[in-house]
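Some labels given to parts of a structure rest on a rule and a value. The questions below ask how each label is reached.

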Amino acid sequence: MVSERKKFYITTPIYYVNDKPHIGHAYTTIAADVLARLHRQLGDDTWFLTGTDEHGANIAKAAEKKGKDVKEFVDEVSAKFSFAWDQLGIAPDDFIRTTESRHERAVNIFLNKLKESGKIYEGEYEGLYCVPHEAFIKESDLVNGLCPDHKLKPERIREKNWFFKLSEYQSEILELVDSGKLLIQPATRKNEVLAFIQQGLEDIAISRPNVKWGIPLPWDSNQTVYVWVEALFNYCSAIGYGFDEEKFRKYWPADVQVMAKDIIKFHCIIWPALLLAIGEEPPREIFAHGFFTVDGQKISKTIGNVIDPNEWVDKYGADAVRYFLLREVPFGQDGDVSEQKLKTRYNADLANGLGNLFSRVTTMIEKYLDGDVGEFIKSPRDLSEVSESFNRLEFDKGLVEVWETISWADNLIEQSKPWELVKTEPAKVKELLVNLAALLYDIALKLSPVMPETAQIIKSALESEKITKPAQPLFPKIE
RNA sequence: CGCGGGGUAGAGAAAUGGCAUCUCGCAAGGCUCAUAACCUUGAGAUUGUGGGUUCGAAUCCCACCCCCGCAACCA
């Protein structure tokens with residue numbers, strides 16, 4: 001009997017399609033792709049899911065604003081996301097859209113099960129409603145009793161909703177998070193969640209009576225399910241909940257759910273509670289990364305500094321963008337990015353660092369050894385720490401390790417002076433270059449989750465019968 | 001007392017109790033295998049301020065000052 005491969009299920013949030021993807025979406029999805037590639041490399045049975053969230057009043061409004069049919073609009077925007085991921089070398093195993101029938105079907109089964117659990121009840125929500133806002137507004141947000149945006153007195157209205165007894169899960173969720181059975185990383189986010197739970201959890205409304213663009217409740221067609229509740233369930237519906245039991249059992253629970261820090265409360269509190277209510281396990285780990293500023297300013301459509309990842313990819317290439325984002329900012333912390341910073345790293349680390357080392361080593365092998373290094377021996381430097389760092393989502397640390405090795409190799413070449421040595425002791429030159437080829441091969445292997453395209457070029461070049469200097473620089477210098 | 005992140009050479013970052021490190025830029029030298037690249041050396045920081053703990057603090061504790069994000073399109 002062959003021992004079963006370990007499974008690894010990783011997800012990103014599904015992105016809201018009210019606008020095209022920006023650099024923040026790309027960041028989350030790149031990180032997940034790197035982990036998925038790493039686990040595939042380790043031989044795990046890996047499933048990597050991303051997708052788009054397409055229901056809700058805001059989507060309907062965004063479509064209307066553009067004068068488009070809602071379905072047509074969401075089709076267009078969702079396609080922009082998959083196109084961007086393709087451009088970035090991101091290869092998910094599945095891309096789910098909440099308007100797909102497989103999702104709607106699974107959500108229906110989920111909602112019925114939730115209702116059967118007895119944790120759902122009908123109630124009334126009473127609050128202050130700002131009419132032009134089309135939303136409830138908190139008492140504490142009022143300025144002199146008026147809506148701060150519209151300078152109008154909000155109406156006190158009552159709305160019929162279906163509620164979920166989230167309050168009953170307070171101690172159970174607290175225990176899950178505190179014990180680390182549901183691991184929340186980094187620790188600062190875990191503390192934040194713990195503090196929030198300890199303030200006390202209130203029941204939440206899971207339906208909306210006035211939102212047409214959504215999935216109707218199976219038992220009350222006048223209401224649609226609240227988008228967040230529906231969206232969270234994508235992680236289950238995509239792997240076959242309710243119609244492919246075998247696949248669902250194989251992959252659930254998710255091993256890592258990667259996201260930005262703003263949506264951890266939904267994922268660390270509401271999401272596990274919903275799962276417990278229907279008798280499923282909560283995810284094993286939630287990893288929340290930070291936010292970017294651009295040149296020290298927050299990313300904002302109003303300011304107009306929103307970065308389209310496609311523009312960077314067109315100019316610098318997918319691998320460079322992937323490298324830059326993961327190297328520049330420790331994963332989990334906030335950070336600042338800009339095209340200037342990308343260019344600096346591109347030229348210093350990729351063109352002058354990795355690209356130039358590859359170029360000088362292959363050229364010397366062609367010149368001094370007639371392109372033949374024979375069999376690879378073990379790399380002269382231990383790079384095992386790199387994959388371990390990636391596995392801990394410390395991408396920057398792993399990459400620093402690789403670049404320290406590149407610098408070490410440049411130094412070794414300088415000290416060994418193969419261009420002189422070749423005249424007197426050709427055997428030593430061969431030993432050096434075989435070592436360097438092995439080192440480069442190891443670097444390519446370790447780097448391949450982050451820079452798959454580059455790693456492939458390096459590996460193929462070193463695997464060929466006769467190694468020659470590259471026809472094209474790996475990373476042509478920019479400007 | 002709303003919540004959170006931060007303040008370290010000219011710029012950007014790293015270092016979580018033990019020689020303050022790296023990248024860009026600047027200065028000098030070296031090398032020629034390499035993408036005008038690479039290597040060496042140097043200049044440049046009383047680590048926001050004041051106190052405290054300690055043999056020893058960028059790091060731990062207290063107080064204060066300043067910047068930024070969230071609470072409102074937006075990961």
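**Domains, strands and odd angles in a predicted model**

Q: Which parts of the two domains are in contact, and how many residues are involved?
A: In this predicted model, 6 residues of domain 1 are in contact with 10 residues of domain 2. Helix H1, residues 23-41, gives 4 residues to the side of domain 1 that touches domain 2, the largest share. By class, that side of domain 1 has 3 nonpolar, 2 polar and 1 charged residues.

Q: How is chain A divided into domains, and how far apart are the C-alpha centres of domain 1 and domain 2?
A: Domain 1 takes in 7-119 + 165-289, and domain 2 takes in 338-463. Their C-alpha centres are 40 Å apart.

Q: What does chain A look like as a whole in helices, strands and box size?
A: Chain A has 18 helices and 16 strands. Its C-alpha atoms fill a box of roughly 90 × 60 × 40 Å along the principal axes. Of the 479 residues in chain A, 40% are buried. Among contacts between residues at least 6 apart in sequence, 75% join residues at least 24 apart.

Q: What makes Asp-370 exposed or buried?
A: A residue counts as exposed if 12 or fewer other C-beta atoms lie within 10 Å of its own. Asp-370 has 9 C-beta neighbours inside 10 Å, so Asp-370 counts as exposed. Asp-370 is in the loop between H13 and helix H14 (384-391).

Q: What makes Leu-393 buried or exposed?
A: The cut-off for buried is 20 or more other C-beta atoms within 10 Å. Leu-393 has 23 C-beta neighbours inside 10 Å and therefore counts as buried. Leu-393 lies in the loop between H14 and H15.

Q: What is the phi of Asp-370, and what is the phi of Leu-393?
A: Phi is near 60 degrees for Asp-370, a positive value in a residue other than glycine. For Leu-393, also a residue other than glycine, phi is positive and near 65 degrees. Most residues other than glycine have a negative phi.

Q: How do you know which peptide bonds at Pro-186 and Pro-253 are cis or trans?
A: Omega gives the answer. From Gln-185 to Pro-186 omega is near -10 degrees, and the bond is cis. Between Trp-252 and Pro-253 omega is about 0 degrees, and this bond is cis too. Most peptide bonds are trans. Pro-186 is in the loop between strand S7 (183-185) and H6, and Pro-253 is in the loop between helix H9 (245-251) and S12.

Q: Why is strand S2 called mostly covered?
A: Strand S2 spans residues 45-53, and 8 of its 9 residues are buried. Being buried takes 20 or more other C-beta atoms within 10 Å.

Q: What makes S1 and S2 a pair, and in which sense do they pair?
A: Two strands pair if there are at least two bridges between them. S1 and S2 have 8 bridges and pair in the parallel sense. In S2, Gly-51 stands opposite Ile-14. The chain goes from S1 through H1 to S2, a right-handed β-α-β crossover.

Q: How do you know that S2 pairs with S3?
A: The cut-off is again at least two bridges. S2 and strand S3 (residues 94-97) are joined by 4 bridges and run parallel. Thr-52 has Arg-97 in S3 as its bridge partner.

Q: Why are S15 and S16 said to stand at the edges?
A: The order of this open sheet of 3 strands is S15-S14-S16, with mixed pairing. Strand S15 (297-298) and strand S16 (335-337) each have a single partner strand, so one side of each is left without a neighbour in the sheet. S14 and S16 run parallel and are joined by 3 bridges. Val-294 stands opposite Val-337 in S16.

Q: What makes a residue count as near RNA strand B, and which come nearest?
A: The C-beta atom of the residue must lie within 6 Å of the strand. There are 48 residues around RNA strand B, and Gly-24, Ala-260, Lys-301, Asn-352 and Gly-355 come nearest. Elements that give two or more residues to this surface include H1 and helix H6 (187-198). H13 gives the largest share, 11 residues. The surface has 19 nonpolar, 17 polar and 12 charged residues.

How values were computed:
Residues numbered from 1 in each chain as written. Chains lettered and ligands numbered in written order. Predicted model: local features only at pLDDT ≥ 70, side-chain atom pairs only at ≥ 80, totals over all residues. Domains from an automatic or database assignment. Contact = placed C-beta atoms within 7 Å. Nonpolar A, V, L, I, M, F, W, Y, C, P; charged D, E, K, R; others polar. Right-handed = clockwise from strand over helix to strand, strands pointing away.
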